[in-house]
Amino acid sequence: MRCRSQEWLRAIAVLFLSQTVVSMVILNSTHLEAMLEKYMDEDGEWWVSKQRGKRAITESDMQAILDLHNKLRGQVYPQASNMEYMAWDTELERTAEEWAETCLWEHGPAGLLPQIGQNLGAHWGRYRPPTSHVQAWYDEVRDYTFPYPQECNPYCPFHCTGPVCTHYTQLVWATSSRIGCAINLCHNMNIWGHVWAKAVYLVCNYSPKGNWWGHAPYKHGTPCSACPPSYGGGCRENLCYKGMSHCLKEQLLSKK
């Protein structure tokens, strides 16, 4: 059986904020117009469930975000020898939910930031899958030269000038092996002085945190050749993985 990766849609217009920089990114896509506005419709199933205290992200969106992170981490260039497989963390999801509910377009909370990495995204208008933000974070690679990102880390106290790549480097930070995200519908959210009546706010928290100044996001080399010993030699789609590889499992099941 073959292991197949999925293609993910991009958003028409999205905003992103990294832990040290802010940027505005305009993407080209016309594939999202017909999709349901599940995070925008206050009468929709997701919004009703959220008001009843259920999770701040749907199961399908959670899986899509996680799958895309691992897909993108496994295809970095130059190749990574120590890129770890990323798993969902419910505690990181909880802290992401708490921050998303503040509807503040900034990183936080301050007391947690020394321990976690964080990428933020927001959009308005028609529904866009949260993976559109993830893909746009990764697409900052066009302004990044391995192994160091000094050329795309401008000083941004209020408005950024120049390219940004710190969303990308956090996404592909080899040792950031856990992720938890949340989505919130924010009314009258202030984005750099502009008030959006209805903003869909995505918060993704990472642990262990990445973007350590002066360090490369990963080691270059043959995939899985420099995995931590705790992985026991496991490798899945170019990622250090604990357990039998996904493809091998499919092959064994197909023979039964």
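**Exercise 1. Find which residue of β6 stands opposite L185, and work out how β6 sits among its neighbours.**

Step 1. Start with the pair itself: L185 stands opposite V200 in β6. Strands here are DSSP runs of E with at least two residues, helices are runs of H or I with at least four, and both are numbered from the N terminus.

A word on what you are looking at: this is a predicted model, in which local features need pLDDT of at least 70 and side-chain atom pairs count only at pLDDT 80 or more, while totals for chains, interfaces and linings use all residues. Residues are numbered from 1 along each chain as its sequence is written, and side-chain values use heavy atoms, with hydrogens and water left out.

Step 2. Look at the strand β5 (residues 178–191). It runs antiparallel to β6, and 13 bridges join the two. Strands count as paired if DSSP finds at least two bridges between them.

Step 3. Follow the chain from β5 into β6. The two strands form a hairpin with two residues between them, and W192 in the turn has a positive phi of about 50°.

Step 4. Now turn to strand β4 (residues 117–123), which pairs with β6 in the antiparallel sense over seven bridges. Here Q118 has N205 of β6 as its bridge partner.

Step 5. Check how covered β6 (residues 194–207) is: 10 of its 14 residues are buried. Buried means under 20% relative accessible area, exposed means over 50%, and partly exposed lies in between (1.4 Å probe, protein chains only).

**Exercise 2. Find how many salt bridges the whole structure holds, and trace them.**

Step 1. The search finds three salt bridges. The term stands for a side-chain nitrogen of Lys or Arg within 4 Å of a carboxyl oxygen of Asp or Glu. Side chains of opposite charge can pair when their charged atoms come close.

Step 2. Take D89 and R178, whose side chains meet at 3.2 Å, N to O. This pair links distant parts of the chain: D89 is in the loop between β3 (87–88) and α3 (90–100), R178 is in strand β5, and they are 89 residues apart. D89 counts as buried because its relative accessibility is 18%, while R178, at 33%, counts as partly exposed.

Step 3. Move into helix α3. The side chains of E91 and R94 meet in a salt bridge of 2.4 Å, N to O; these residues are three apart, about one turn of the helix.

Step 4. R94 also meets E98 in a salt bridge, again at 2.4 Å, N to O. E98 and R94 are four residues apart in α3, so about one helical turn separates them. Shared partners join E91, R94 and E98 into one network.

Step 5. Compare the surroundings within α3. E91 is partly exposed at 40%, as are R94 at 36% and E98 at 45%. Buried residues in α3 include L92, W99 and A100.

Step 6. Return to D89 at the start of α3: one of its side-chain oxygens reaches to within 2.9 Å of the backbone nitrogen of E91.

**Exercise 3. Describe the chain as a whole: how many helices and strands does it have?**

Step 1. The chain has six helices and eight strands. From the N terminus on, the order is β-β-α-α-β-α-β-α-α-β-β-β-β-α.

Step 2. Of its 256 residues, 52% count as buried.

Terms used: A polar contact is a pair of N or O atoms within 3.5 Å; within protein, one must be able to donate a hydrogen and the other to accept it, and residues adjacent in sequence count only if both atoms are side-chain atoms.
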